[in-house]
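Q: Please take a close look at the salt bridges in this structure. Which residues form them, and where do these residues lie?

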Amino acid sequence: MNHHHHHETEHSLSFEEKLDKILRHWIRHNDDHVSTYKDWMKQANKAGLKGVAQKLEEATKLVTNINTVLEEAATELRQSIHP
């Protein structure tokens, strides 16, 4: 099991710091998914599964758009913490 807990650190963080941390985590996590989707999209194309590859490409674009929104949220958060 690879689940890390940092209770003592997390309790000392403000709400805004916790939110910033989780936003950055979600962005990295989504970037990992995008990379995986692209790999499988290439493999689907090679296997002649063009429709599947197109859907994976669509998923890649959607997750990339989600990350854009999360990055905007993180920027707004940081600006509100440090005006």
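A: In this predicted model, D20 and R24 both lie in helix α2, which covers residues 15-46. Because they are four residues apart, about one helical turn separates them. The two form a salt bridge, with 3.1 Å between the closest N and O atoms. D20 is buried, at 13% relative accessible area, whereas R24 is partly exposed, with a relative accessibility of 38%.

D20 also forms a salt bridge with R78, and here the closest N and O atoms are 3.1 Å apart. This pair links distant parts of the chain: D20 belongs to helix α2 and R78 to helix α3 (residues 50-81), with their positions 58 residues apart in the numbering. R78 is partly exposed, its relative accessible area being 35%. D20, R24 and R78 are thus linked in a network of salt bridges. In that network the acidic residue D20 is buried, since its 13% falls under the 20% cut-off.

The pair E58 and K55 lies in helix α3. The closest N and O atoms of their salt bridge are 3.6 Å apart, which is within the 4 Å limit. E58 and K55 are three residues apart, so about one helical turn separates them. E58 is partly exposed, with 41% relative accessible area. K55 has a relative accessible area of 56% and counts as exposed because this value is over 50%.

The count of salt bridges comes to three.

Technical notes. Residues numbered from 1 in each chain as written. Predicted model: local features only at pLDDT ≥ 70, side-chain atom pairs only at ≥ 80, totals over all residues. Heavy atoms only, no water. Salt bridge = Lys/Arg side-chain N within 4 Å of Asp/Glu carboxyl O. Helix = DSSP H or I, 4+ residues; strand = E, 2+ residues; numbered from the N terminus. Buried < 20%, exposed > 50% of the residue type's maximum accessible area, 1.4 Å probe, protein only.
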